[in-house]
Amino acid sequence: MGEANIFPAQRQADSVEIFGYRIPKPTHFGAESETCTVGIRPEAITLNTQGDESQRCSVRHVAYMGSQYEVSVIWHRQSLLLQVNATQLQPNVGDDLYLQIHPYGMFILNEGYRLPTPSGSPLVTLFFSSFAFKTISDRFTAD
């Protein structure tokens with residue numbers, strides 16, 4: 001599976017809403033409207049210099065990896081990992097930018113998964129379809 005960013009979300013008829021940011025709902029999400037937990041792959045989140053306030057984030061860490069940057073941002077007090085194409089944008093620590101989530105990298109976690117609270121355990125195992133696929137050793141919320 002690799003890395004994933006995890007969010008509480010609201011599925012609606014035609015979109016998924018995360019922290020007030022509405023993303024077109026992927027077809028594999030079904031027709032239900034409900035509160036759920038979604039995962040988003042780091043490469044499915046891009047950065048832009050313009051956007052809505054609900055998309056604003058702050059760059060905390062940047063690592064050049066050849067053809068891409070691994071970027072850590074804070075978005076609504078949550079730390080996210082992104083993989084940004086080096087030819088599209090060269091972010092710097094401290095930049096205020098706007099993220100864009102692309103539906104192709106979204107998936108729903110099963111009902112048994114619970115997001116850790118800000119004071120929660122620093123070690124979380126994610127389960128998808130009753131199969132452990134990822135262990136994350138970093139907290140999901142920013143200090």
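Which residues touch the most other members of the largest nonpolar core? Let's begin there, keeping in mind that this is a predicted model.

**View 1. The largest nonpolar core and its best-connected members.** The largest nonpolar core holds 29 residues, and those that touch the most other members are Ile-18, Val-38, Leu-47, Trp-75, Leu-99 and Ile-101. Strand β7 gives this core its largest share, four residues.

**View 2. The surroundings of Ile-101.** Leaving aside residues up to four places away in sequence, Ile-101 touches Ile-18, Tyr-21, Ile-23, Ile-40, Ala-44, Ile-45, Trp-75 and Met-106. Two of these names, Ile-18 and Trp-75, will be familiar from the core in the previous view.

**View 3. The open sheet of five strands.** Follow the order β5-β9-β6-β7-β8 across the sheet, where the pairing is antiparallel. At the edges stand β5 (45–48) and β8; each has a single partner strand, so one side of each lacks a neighbour in the sheet. On average, and with direction ignored, neighbouring strands here are turned by 45° against each other.

**View 4. Where β7 meets β8.** Eight bridges join strand β7 (residues 68–75) to β8 in the antiparallel sense. For one of the pairs, look at Ile-74, whose bridge partner in β8 is Ser-79.

**View 5. Gln-78 in strand β8.** Here we stay with β8, which spans residues 78–85 and includes Gln-78. Is Gln-78 buried or exposed? Its relative accessibility is 7%, under the 20% limit, so Gln-78 counts as buried. The Gln-78 side chain also reaches the backbone oxygen of Ile-6, at 2.5 Å.

Note on methods. Residues numbered from 1 in each chain as written. Predicted model: local features only at pLDDT ≥ 70, side-chain atom pairs only at ≥ 80, totals over all residues. Heavy atoms only, no water. Helix = DSSP H or I, 4+ residues; strand = E, 2+ residues; numbered from the N terminus. Buried < 20%, exposed > 50% of the residue type's maximum accessible area, 1.4 Å probe, protein only. Polar contact = N/O pair within 3.5 Å; in protein donor to acceptor, adjacent residues only side chain to side chain. Pairing = 2+ DSSP bridges. Axes fitted to C-alpha atoms, helices over the stretch in contact; angles between N-to-C directions. Core = buried A, V, L, I, M, F, W, Y, C linked by side-chain atoms within 4.5 Å. Contact = heavy atoms within 4.5 Å.
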